[in-house]
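The following exercises are to be solved with the sequence and the structure at hand. Each task is followed by a solution in steps.

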Amino acid sequence: MKKRSHKRKQSSEVNLGFQIAPMIDVVFVILLYFMVMAGDIQVENAHNTKLPGTQEETKEPVNLPDEIAIRIEDDGQVYLNDDPLDSPENKALPELAGSLKQLRESSDNSKSTVLVTIYANELAKYQRVIEVLDALTRAKISNVTFQAGSPD
Amino acid sequence: MAGGGGGGDGEPEFQIAPMIDVLLVLLVFFVMITSAEVLKVDKKLTLPVSPNAKERDKDMAKHEFAVNLRFDEATNKGLLVIDDEIKQNWNDVLPFLQDKKKADNKLRVVVRADGKVPAGEIQRIMNFIGQAGIDDISFAASNK
């Protein structure tokens, strides 16, 4: 009994007021956690396209577009009008993007548009298709269509 | 010309209240940006990486409808998932997409496919989207 009364006395002496220092510690830890997480965020972006044959027709005369074919083989090799460009391991596709940019600039000079058709083989990886779309975005080409199978 | 700070006598005190205000604002900011982005990512598929893909149009957000295509290693094919439900028969999707198009004329289908999915499967789902009369397609990609 003696021991219990001693305990009661001790607890009554404890200050139960709001402690600011531990709260700031906790807030700092939570803040740090979210700051680190924020650097690792994956943002979901998109490549927009319109399916052919469903767009509204215009009555104004339109220059026929310069058609370009990009073929993607099963192993990831990319061909621009039958010319192999970049190695299958190269994800940035600098040669393809450079060639497409030149083609787009020459089309702009002749006041026509560029139309790119992507022929992706059945077993080519979708990642490779997106890499080609990425190169097209860098070359500022927006007229893109898809075709199943090879152009031959 | 007293140099700023308090204006009173003695040393300027460290003010705890404004510091807590700033801390909480920072905290709320980081909580919001992390949770907002995480919600959009389906962890069961790995989106292809495309650093130059455009940011999604916020005006079109209400017209967007996601079609998920997970990679099935066993069959080397795509696994179609719509509204968290795996669709075994892809033909069932056609009337569903047609109804969606009827309800919203500006409908945009966001194809969220795993980077490993064969391109043939993407063309297959594009065929269905085209048959449903939907012309606006967007391919989701991750920034890193």
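The model is predicted. Directly after helix H3(B), Gly133(B) adopts a positive phi of about 85°. The exercises begin with this helix.

**Exercise 1. Compare the expected span of H3(B) with the distance between its end C-alpha atoms.**

Step 1. The helix H3(B) has 13 residues.

Step 2. The rule is 1.5 Å times one less than the number of residues. For H3(B), the expected span is therefore 18 Å.

Step 3. In the model, the end C-alpha atoms of H3(B) are 18 Å apart, which agrees with the expectation.

**Exercise 2. Determine which residues of H3(B) are buried and how they are arranged around the axis of the helix.**

Step 1. A residue counts as buried if 20 or more other C-beta atoms lie within 10 Å of its own. In H3(B), the buried residues are Ala119(B), Glu121(B), Ile122(B), Ile125(B) and Ile129(B).

Step 2. Viewed down the axis of H3(B), these buried residues lie within an arc of 155°, so they line one face of the helix.

Step 3. A general rule helps here: an α-helix has 3.6 residues a turn, so residues three or four places apart point the same way.

**Exercise 3. State the order of the strands in the open sheet and identify the strands at its edges.**

Step 1. The open sheet is formed by 6 strands, in the order E1(A)-E5(B)-E4(B)-E1(B)-E2(B)-E3(B), and its pairing is mixed.

Step 2. The edges are occupied by E1 (44–50) of chain A and E3 (85–86) of chain B; each has a single partner strand, so one side of each is left without a neighbour in the sheet.

Step 3. Helix H3 (residues 119–131) of chain B packs on this sheet, where it touches E1, E2 (77–82), E4 and E5 (136–142) of chain B. The direction of H3(B) makes about 160° with that of E4(B).

**Exercise 4. Describe how E4(B) is paired and how far it is covered.**

Step 1. E4 (residues 108–113) of chain B pairs with E1 (residues 64–72) of chain B in the parallel sense, over 6 bridges. Ala66(B) stands opposite Val110(B), and Leu69(B) stands opposite Ala113(B).

Step 2. E4(B) is also joined to E5(B) by 3 bridges, and these two strands run parallel. Here Val110(B) stands opposite Ser138(B).

Step 3. E4(B) is mostly covered, since 5 of its 6 residues are buried.

**Exercise 5. Describe the contact between the two chains and the strand pairing that joins them.**

Step 1. In chain B, 43 residues are in contact with 39 residues of chain A.

Step 2. On the side of chain B that touches chain A, the elements that give two or more residues are H1 (16–38), E4, H3 and E5 of chain B. H1(B) supplies the largest share, 10 residues.

Step 3. By class, this side of chain B has 24 nonpolar, 10 polar and 9 charged residues.

Step 4. E1(A) and E5(B) are joined by 7 bridges and run antiparallel. Within this pair, Lys50(A) stands opposite Asp136(B).

Technical notes:
Residues are numbered from 1 along each chain as its sequence is written. Chains are lettered from A and ligands numbered from 1 in the order in which they are written. This is a predicted model: local features need pLDDT of at least 70, side-chain atom pairs count only at pLDDT 80 or more; totals for chains, interfaces and linings use all residues. Two strands pair if DSSP finds at least two bridges between them. Helices (H or I, at least four residues) and strands (E, at least two) are DSSP runs, numbered from the N terminus. Two residues are in contact if their C-beta atoms, placed from the backbone, lie within 7 Å. Axes are lines fitted to C-alpha atoms, for helices over the stretch in contact, and angles run from 0 to 180 degrees between N-to-C directions. Ala, Val, Leu, Ile, Met, Phe, Trp, Tyr, Cys and Pro count as nonpolar, Asp, Glu, Lys and Arg as charged, and the others, Gly among them, as polar. A residue is buried if 20 or more other C-beta atoms lie within 10 Å of its own, exposed if 12 or fewer, and partly exposed in between; C-beta atoms are placed from the backbone. The arc is that of the directions from the helix axis to the C-beta atoms.
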